[in-house]
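Please open the model in your viewer and keep the selection tool at hand, since each stop on this tour begins with something to select.

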Amino acid sequence: MIQNLILKNVAKHISLDENETSYFLSILKEKKYPKKSIILKEGEICRTINFVLSGTLRSFYRDSEGKESTIMFAASDWWITDMACFINQKPAMLNIEAIEESLILHLKKEDLDNLYIKIPKFERFFRIIMQNAYIREQVRVIQNLSLSAEQRYYIFLEKYPEVSKQIKQKQIASYLGITPEFLSMIKANKK
């Protein structure tokens, strides 16, 4: 089961033979996290990119006053990390938290670099993953600049129906850049 999910994810963009599959699976480290566990803490070196087998994660930034801004969510079959800090092996700017009990596969930076050498087609795989993430974030920034909070909320519900059921309204509001009270008003107007 565990192997099937990650291999289906990879198969969306590249195909692996038996030896490549075996090597790839051998460098992944599985770990279970209880609800509210911190997987990456701001200031720590970001050493892994993470694949969600089950559960839901969120990455967030905490400002100097303690206000949290949710950057992204990751549910089953999604990848998540603090990309700039992972690639450059710098202290994390973001925190990554398990919103619910989650099972994660970790891929270390040095193992990823070796994977690119041993199986070069993984460069294509991760390039596509990173391009898609960049596109998603660019669209989000444009939507934040051009759409109302209500429109952004409905787009979020349409795009991530399962994720929206797993997370608190406060976290959705943080992701949308609005207050929880304003989100409550939007939801009340919908009815």
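Begin by selecting Lys-109, which is buried, with a relative accessible area of 14%; buried means under 20% relative accessible area, exposed over 50%, and partly exposed in between, with a 1.4 Å probe and protein chains only. This is a predicted model, in which local features need pLDDT of at least 70 and side-chain atom pairs count only at pLDDT 80 or more, while totals for chains, interfaces and linings use all residues. Residues are numbered from 1 along each chain as its sequence is written, and side-chain values use heavy atoms, with hydrogens and water left out.

Now add Asp-113, whose side chain meets that of Lys-109 in a salt bridge (2.9 Å, N to O); a salt bridge is a side-chain nitrogen of Lys or Arg within 4 Å of a carboxyl oxygen of Asp or Glu. Both residues lie in helix α4 (residues 109–118), four residues apart, about one turn of the helix, where helices are DSSP runs of H or I with at least four residues, strands are runs of E with at least two, and both are numbered from the N terminus. Asp-113 is partly exposed, at 31% relative accessible area.

The structure holds nine salt bridges, so where does the one between Asp-77 and Lys-12 sit? It links distant parts of the chain, for Asp-77 is in the loop between β5 (68–75) and β6 (79–80), whereas Lys-12 is in the loop between α1 (2–11) and α2 (18–26), 65 residues apart. Select Arg-58, Arg-62, Glu-68 and Glu-97 as well, and you will find them linked in a network of salt bridges.

Next, turn to the largest nonpolar core, which has 37 residues, with Leu-57, Trp-79 and Phe-122 among those that have the most contacts inside it. A nonpolar core is a set of buried Ala, Val, Leu, Ile, Met, Phe, Trp, Tyr and Cys residues joined through side-chain atoms within 4.5 Å. Apart from this core lies another, of 16 residues, among them Phe-156 and Val-163. In soluble globular proteins, nonpolar side chains tend to be buried together.

Finally, select Cys-46 and Cys-85, which count as buried at 1% and 4% relative accessibility. The sulfur of Cys-85 is 6.5 Å from the closest cysteine sulfur, in Cys-46, which is too far for a bond, as a disulfide is a pair of cysteine sulfur atoms within 2.5 Å. By this rule the count of disulfides comes to zero.
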